[in-house]
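Please work through the exercises below with the sequence and the structure at hand. Attempt each task before reading its solution.

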Amino acid sequence: MKTNRDSLALLEEFRTYAHQILALANRGLPRFDFLREVAKIFLDNSTCDAVELRTEGHGRWFICEGVRHPEISFKIDVRSLNAEIHGDTVSDFDVFSNLAAKLQIELNDSEITDKGSFWVSDTSQKITISQRTESTDKSFDVDLGDLYKSLAFIPFTIDDENSGLIVLKCMESHSFNDYDIEFYEGIAAILGLAVADRRTQVALRERVKELTCLYGIARLIEDPNRPLDEIMQGIVELIPPGWMYPEITFGRITLNNSSYCTQLFQEGPQRLAAPVIVNGQLCGKVEVFYAEKKRELDEGPFLKEERHLIDAIAREVSHILEHKQANKEKDKLQEQLRHADRLATIGQLAAGVAHELNEPLGNILGFAQLAQKSQDTSLQLDDDLSKIVDATLQAREIIKKLIVFARQTPSQLAKVNLNEIFAKGLYFFEARCNKAGIELVKEFEDGLPEIKADQAQLNQVLVNLVVNAIQAMPQGGKLTVRTYVSEDSLNLIVEDTGIGMSEEVRRQIFVPFFTTKDIDEGTGLGLPVVHGIVTSHLGLIKVDSEVGKGTQFIIQFPLSNRNKG
Ligand code: ADP
Ligand code: MG
């Protein structure tokens with residue numbers, strides 16, 4: 001028991017408490033570590049047999065009790081703030097503490113200070129309290145057990161919303177007096193400040209961790225040439241320092257077809273996860289594991305700030321992926337543009353050359369044919385002349401194709417039915433397919449609408465595609481020709497199970513004279529011609545091919561061609 005006789009000693013004792021408590025707050029310890037250390041300060045500096053500290057937060061009591069006997073030990077707990085009185089007797093310490101902390105009681109035989117503190121001198125005596133709220137004014141018997149005969153309750157304020165309570169417990173009765181209570185009220189005020197300070201410190205530290213992590217990510221993506229794998233691995237390594245227990249924290253980023261882990265990764269019993277969403281589509285997740293189980297007392301094993309952080313990391317990952325995807329699409333578009341541009345230039349050039357060559361070729365052909373008609377040629381000369389005629393005719397064929405590719409021949413538009421044209425066209429391939437061990441499958445959708453198109457040119461498209469398909473299946477296979485109507489187009493699919501194409505080949509197939517075939521098998525003009533015809537019909541060509549598996553050409557003619565004049 002304190003008296004006011006030795007005020008200097010009291011002041012010194014007060015200084016010791018205050019100094020130790022405030023120094024603790026600055027360390028930004030986790031909540032229960034902090035409460036345990038404070039309870040220890042009370043046990044070290046007082047003669048109480050036990051001290052119980054309660055702080056309010058997240059709608060709950062966080063409680064730490066330190067007891068002196070049989071040896072100094074600490075117990076922590078989380079309890080509801082809303083324990084209410086049931087029946088006529090208050091025997092629940094929580095309920096009593098709630099009432100005390102909320103300054104809602106009057107005690108029959110003890111004074112309550114203007115700060116709301118009070119003490120019970122002998123718990124084995126009958127204690128009654130009255131609960132005073134706006135709606136009730138009731139009396140209750142109180143049963144606080146009889147291990148501790150003296151109890152002192154000292155409430156304190158943490159911030160605008162939260163309060164706390166110090167409960168000092170002594171086994172001997174009549175252990176407290178006015179001076180003690182006044183002294184501890186001073187300490188309680190400091191403890192209130194310290195608790196608030198600790199919370200700010202912790203929030204600050206969490207914020208610093210979060211910013212350090214996000215800054216690390218920003219540094220990683222600074223270099224536009226850094227490969228995605230390296231960026232993701234870098235991000236995953238930034239995870240552990242952002243969490244409360246870095247040494248047992250493991251991170252993992254899983255994307256559609258790859259995953260990145262921290263060193264020595266292991267899944268743990270406690271997990272936090274956030275989805276990675278790219279352009280509205282789920283394509284992976286960021287996960288954090290604790291390798292050993294941590295208390296779930298607080299806000300689950302992970303802090304609110306840590307949940308925010310993992311969300312922020314997942315968002316960053318999403319942004320990076322979106323950015324990469326956008327860039328890839330831009331590159332692809334540019335490549336397509338360049339390709340179209342190159343084809344157009346080649347087309348113009350080819351058409352020019354073709355016209356120039358047509359003239360002299362016509363002369364060669366004319367004079368050769370004239371010479372053939374002459375009576376006085378030898379057999380040898382006749383033979384040579386017909387070779388000249390044949391070669392010239394072949395050259396004219398090539399030139400014709402070049403002109404079609406360059407869209408220099410006018411289309412003869414008429415209403416046509418694709419199924420009819422293709423059925424006729426395929427008829428000539430049946431025998432050839434048979435011989436080559438190729439199964440020819442026709443899937444023509446009934447009732448296709450007619451479109452305005454050039455019949456001969458459409459036949460040319462089919463022939464060129466089918467010839468390529470057959471040539472791609474030297475060992476036999478399956479050739480499927482399919483027509484169908486979709487929302488805004490009429491579609492032709494020519495699909496084979498042949499050798500397929502590499503990306504390198506696929507990129508060049510529309511370039512005139514590009515061929516992978518022997519001189520007598522290909523001229524490299526088939527697909528450029530298809531391209532010319534399809535574009536002049538305002539259609540589209542799509543190619544899907546896989547080496548060793550096969551190739552699919554999809555030709556789409558817009559249905560608006562139905563109304564074209
Ligand atoms: P050519 O058939 O005279 O070589 P094309 O313009 O018709 O010329 O085709 C160009 C190239 O495209 C071919 O040499 C071949 O490499 C590739 N190709 C076209 N169609 C197919 C297909 N169905 N399967 C595999 N490769 C193909
Ligand atoms: Mg060809």
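The exercises concern a predicted model, and each task is followed by a worked solution.

**Exercise 1. The surroundings of ligand 1**

Task: State how many residues surround ligand 1, and which polar contacts are made by Thr 515, Lys 517 and Leu 527.

Solution:
- Step 1. Ligand 1 is surrounded by 21 residues, and the closest are Asn 468, Thr 515, Thr 516, Lys 517 and Gly 524.
- Step 2. A polar contact is a pair of N or O atoms within 3.5 Å. The side chain of Thr 515 has an N or O atom 2.5 Å from an oxygen atom of ligand 1, and for the side chain of Lys 517 the corresponding distance is 2.7 Å.
- Step 3. Leu 527 takes part through its backbone, where an N or O atom is 2.8 Å from an oxygen atom of the ligand. Of the 520 Å² of accessible area that ligand 1 has on its own, the protein covers 95%.

**Exercise 2. The composition of the shell**

Task: Determine which helices and strands supply at least two residues each to the shell around ligand 1, and which classes of residue the shell has.

Solution:
- Step 1. Helices α10 (455-471) and α12 (526-536) and strand β21 (550-558) each supply at least two residues.
- Step 2. The largest share comes from α12, with three residues.
- Step 3. By class, 10 residues of the shell are nonpolar, nine are polar and two are charged.

**Exercise 3. The five-stranded sheet**

Task: Give the strand order of the open sheet of five strands, then locate α8 and α10 relative to its strands.

Solution:
- Step 1. The order is β16-β18-β19-β21-β20, with mixed pairing. At the edges are β16 (438-444) and β20 (540-546), each of which pairs on one side only.
- Step 2. Within the sheet, β19 (489-496) and β21 pair in the antiparallel sense over eight bridges; Glu 495 stands opposite Gln 552 in β21.
- Step 3. Helix α8 (418-427) lies across β16, β18, β19 and β21, at about 165 degrees to β16. Helix α10 lies across β16, β18, β19 and β21, at about 25 degrees to β19.
- Step 4. Both α10 and β21 also supply residues to the shell of ligand 1.

**Exercise 4. The four-stranded sheet**

Task: Describe the order and pairing of the open sheet of four strands, and state where α6 lies.

Solution:
- Step 1. The order is β12-β11-β14-β13, and the pairing is antiparallel. The edge strands are β12 (258-261) and β13 (270-278).
- Step 2. Strands β11 (249-255) and β12 pair over four bridges, and Arg 252 has Cys 261 of β12 as its bridge partner.
- Step 3. Helix α6 (304-373) lies across β11, β13 and β14, at about 30 degrees to β13.

Technical notes: Residues are numbered from 1 along each chain as its sequence is written. Chains are lettered from A and ligands numbered from 1 in the order in which they are written. This is a predicted model: local features need pLDDT of at least 70, side-chain atom pairs count only at pLDDT 80 or more; totals for chains, interfaces and linings use all residues. Side-chain values use heavy atoms; hydrogens and water are left out. A residue is near a molecule or strand if one of its heavy atoms lies within 4 Å of it. A polar contact is a pair of N or O atoms within 3.5 Å; within protein, one must be able to donate a hydrogen and the other to accept it, and residues adjacent in sequence count only if both atoms are side-chain atoms. Accessible areas come from the Shrake-Rupley method with a 1.4 Å probe; for residues, only the protein chains shown count as cover. Ala, Val, Leu, Ile, Met, Phe, Trp, Tyr, Cys and Pro count as nonpolar, Asp, Glu, Lys and Arg as charged, and the others, Gly among them, as polar. Two strands pair if DSSP finds at least two bridges between them. Contact means heavy atoms within 4.5 Å. Axes are lines fitted to C-alpha atoms, for helices over the stretch in contact, and angles run from 0 to 180 degrees between N-to-C directions.
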